[in-house]
Amino acid sequence: MHQAEIPDAASWEQTVPPDVAGTADQANWYFNHIRLAIPQLAEQGSATRPSNVSYFTSADPELTTRLWLRVGSDRSTAITFALTGPREKVREERPRWRAVLATALEAFRADPAPDHRWTAILIPKAAQLARWTGPLRTWPDRLDTPVRVGPMTLASVPTWVTQPHPHPDDTSILLGVGYWPLLVTGQAPGYYRAGALQAAARDLLRLQWLLTLVTARTWQRGSQPCRLESDSDTDEFTAQWLERMTRWSLREQLPAPDPTELNLPGWLQAAWEKSLTSRCCSNALSAYGRAFEYFTEEATSDAGARFAAVIEAITGTHSHSDAAKTAAQYLLSATAPGTLTEPEAAQAAENILMYSFRHQTVHFGRLHGPESLGGMGLGMLSADGDPSRTHHMMTGVLQHLCRDILIHNLGGPAHAPEGLLQELDDIRNGWITIGPPVPK
C-alpha cells in the first residue's frame with residue numbers, strides 16, 4: 001500500500017477549498033474527475049493508514065512522481081495534495097500536477113450532482129409520552145395544509161396511528177401512544193444513490209431538530225429516507241408504512257381525538273437558512289435537539305450539559321463566564337425596561353446554568369436527576385427536598401432559556417423571560433411541577 005511513501009505533514013498543499021467537496025459523495029465524484037484529468041492514468045490506490053489518503057500515478061513521461069490526495073482532516077473538509085519521488089522531479093513536476101488538479105476541479109464544479117426525490121415519515125417520539133396517562137399520551141395536532149421547509153414539504157398523514165411502547169418503568173406494560181404522522185418529501189443532490197440518501201438524511205435530521213425546537217417535543221423517524229423513482233408517488237410508501245404500524249396488537253387503542261392545527265411559525269424557513277449558513281447556529285441546534293431528547297427521557301444530568309452547549313455554541317466559546325454573560329444579556333434585553341438590574345440578570349443566569357452540577361457530571365460522572373434512581377421518582381415529599389426532582393425542574397428552566405435564545409438567534413421572536421424567571425423563583429420556594437414539557 002506504499003505506506004512508507006506517505007508525504008510528511010509539511011508537504012501537503014490545498015487543491016480543493018473547504019466544503020467544495022465536503023461530503024463522501026462529492027469527494028468520490030471529484031476523484032472520478034481526477035482519474036479523467038490525469039494523462040495516461042497508470043495506478044490508483046489508498047494508504048493503509050490514514051484511510052483518507054489515496055495515491056495516483058501516470059504513465060506519462062512528464063509525470064513520473066506519485067500524486068497523493070488527502071480528503072479532509074479533523075479541522076477542515078479541504079482536499080490537499082502532495083508529491084513523492086526524487087526531490088528534483090517533485091520540484092519540476094509540481095506545476096504540471098497543479099494543472100491536472102485545476103482541470104479536475106474545474107470539471108467537477110461544472111458537473112453538479114443531480115437531484116433525487118425521496119420521502120420519509122416523522123413521528124413524535126413515543127418514549128417522551130409513554131410514562132404519562134390518558135390524553136397526555138396523544139398528540140392531537142396535525143397540519144391542515146402542507147408546509148414547505150428548506151427543500152422539503154411536510155404534510156400530515158390523514159390516518160391516526162396508535163403506536164405501542166413499553167412503559168419506561170415496567171416493560172411488561174405495553175401502552176399506546178397516538179399521533180398523526182408527518183409525511184416528508186424532498187429532493188436531495190447526489191452523484192451516487194447512497195450519497196443522495198445521506199444528503200436526505202442530513203436534511204431530515206435538521207428538520208427534526210427544528211421541529212423539536214418549535215413544538216417542544218422530540219421528533220423521531222418513523223422511517224428512514226426512501227428514494228422515489230421518477231414514476232412513483234408517496235401513496236404506496238405511506239400505505240406500506242401504515243400497514244406495518246397496524247400489525248401491532250394492543251389491548252388498548254387510543255381513539256383519534258378532535259384534531260387541533262399544528263401551527264408552525266412563519267420564521268421557520270428563515271431559521272432553516274440560518275442553520276445552514278451559520279456553523280454556530282447549526283451546532284447549537286443539534287445540541288438542543290439531543291439535549292431535549294435526554295431531558296424528556298429524564299436523563300437530566302446529561303441534558304443539562306448539552307443544553308449549556310447550546311449557549312456556548314452560539315457564543316462561540318468554551319468559557320462558562322462568556323456563556324453566562326450571553327444568557328444574562330438575553331435576559332436583560334428581552335425583559336421590559338426596569339424589570340431586571342444587571343446584577344440580578346447575571347445572578348439569574350448563573351443559577352440557571354448550574355455550572356457546578358454540570359462540571360461534576362462532565363468531569364466526574366456524577367448524576368443529579370431522576371436517572372440517579374434509574375429513572376424512578378421518590379413519589380413523596382422528602383425531608384431533603386427531593387434534589388433529583390429539583391434538578392429535573394431546574395434543567396427545565398435551562399431548557400426554556402436555551403430554547404428562547406436559540407429561537408432568537410435563528411431569526412424568531414425574543415420571548416419575554418418573565419415566565420422563566422417565575423419558574424426559577426417557584427423552585428426556590430419549594431414548588432414541584434410534573435407533566436411533559438410544553439412550549440412557552
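**Helix packing, sheets and cysteines in a predicted model**

Modeller: In this predicted model, Lys274, Ser275 and Thr277 of helix 6 are in contact with Arg279, Cys281, Ser282 and Leu285 of helix 7.

Biologist: At what angle do helix 6 and helix 7 pack?

Modeller: Helix 6 covers residues 268-277, and its axis lies 5 Å from that of helix 7. The arrangement is roughly perpendicular. The angle between helix 6 and helix 7 is about 110°.

Biologist: Cys281 is one of the helix 7 residues in that contact. Why is Cys281 not bonded to the closest cysteine sulfur?

Modeller: A disulfide needs two cysteine sulfur atoms within 2.5 Å. The closest cysteine sulfur to that of Cys281 belongs to Cys280, and it is too far for a bond because the separation is 6.9 Å.

Biologist: How far is Cys402 from the nearest cysteine sulfur?

Modeller: Cys402 is in no disulfide either. The nearest cysteine sulfur is that of Cys281, at a distance of 13 Å.

Biologist: Are Cys281 and Cys402 buried or exposed?

Modeller: Buried means under 20% relative accessible area. Cys281 has 5%, and Cys402 has 0%. Cys281 is therefore buried, and Cys402 likewise counts as buried.

Biologist: How many disulfides does the model hold?

Modeller: The rule asks for sulfur atoms within 2.5 Å. Cys281 is in no such pair, because its closest cysteine sulfur is 6.9 Å away. The count of disulfides is 0.

Biologist: Which helices does the buried part of helix 8 pack against?

Modeller: The buried residues of helix 8 include Thr300, Ala303, Phe307, Val310, Ile311 and Ile314. Residues three or four places apart on an α-helix point the same way. The buried residues of helix 8 pack against helix 7 (279-296), helix 9 (320-334), helix 10 (342-353), helix 11 (355-364) and helix 12 (387-409).

Biologist: What length does helix 8 reach from its first C-alpha to its last?

Modeller: Helix 8 runs over residues 300-315, which is 16 residues. At 1.5 Å a residue, 22 Å is expected. The span in the model is close to that, at 23 Å.

Biologist: Which residue just after helix 8 takes a positive phi?

Modeller: The phi angle there is about 75°. The residue is Gly316.

Biologist: Turning to the sheets, which are the edge strands of the sheet with the order 1-5-4-3-2?

Modeller: This is an open sheet of 5 strands with antiparallel pairing. Its neighbouring strands are turned by 30° against each other on average, direction ignored. The strands that pair on one side only are strand 1 (13-16) and strand 2 (41-46).

Biologist: Over how many bridges do strand 2 and strand 3 pair?

Modeller: A hairpin of 6 connecting residues joins strand 2 to strand 3. Within the pair, Glu43 has Thr57 of strand 3 as its bridge partner. The pairing is antiparallel and has 5 bridges.

Biologist: Which residue of strand 4 is the bridge partner of Phe56?

Modeller: Strand 3 (residues 53-58) and strand 4 (residues 66-71) pair in the antiparallel sense over 4 bridges. Ser54 stands opposite Leu69 of strand 4. The partner of Phe56 is Leu67.

Biologist: How many residues of strand 3 are buried?

Modeller: On one side of strand 3 lie Val53, Tyr55 and Thr57, and on the other Ser54, Phe56 and Ser58. Both faces are covered. Strand 3 is largely enclosed by the rest of the structure, since the buried residues number 6 of the 6.

Biologist: At what angle does helix 2 run to strand 5?

Modeller: Helix 2 covers residues 87-109 and lies across strand 1, strand 3, strand 4 and strand 5. Its angle to strand 5 is about 150°.

Biologist: Which are the edge strands of the sheet with the order 8-9-12-6-13?

Modeller: This open sheet of 5 strands also has antiparallel pairing. Its neighbouring strands are turned by 25° against each other on average, direction ignored. The edge strands, each pairing on one side only, are strand 8 (147-149) and strand 13 (219-227).

Biologist: Which residue of strand 9 stands opposite Arg148?

Modeller: Strand 8 and strand 9 (residues 152-156) run antiparallel and are joined by 3 bridges. Opposite Arg148 stands Thr153.

Biologist: At what angle does helix 5 run to strand 6?

Modeller: Helix 5 (residues 234-245) lies across strand 6, strand 12 and strand 13. Its angle to strand 6 is about 30°.

Methods: Residues numbered from 1 in each chain as written. Predicted model: local features only at pLDDT ≥ 70, side-chain atom pairs only at ≥ 80, totals over all residues. Heavy atoms only, no water. Buried < 20%, exposed > 50% of the residue type's maximum accessible area, 1.4 Å probe, protein only. Helix = DSSP H or I, 4+ residues; strand = E, 2+ residues; numbered from the N terminus. Expected span 1.5 Å × (residues − 1). Contact = heavy atoms within 4.5 Å. Pairing = 2+ DSSP bridges. Axes fitted to C-alpha atoms, helices over the stretch in contact; angles between N-to-C directions. Parallel < 35°, antiparallel > 145°, perpendicular 65-115°, else oblique.
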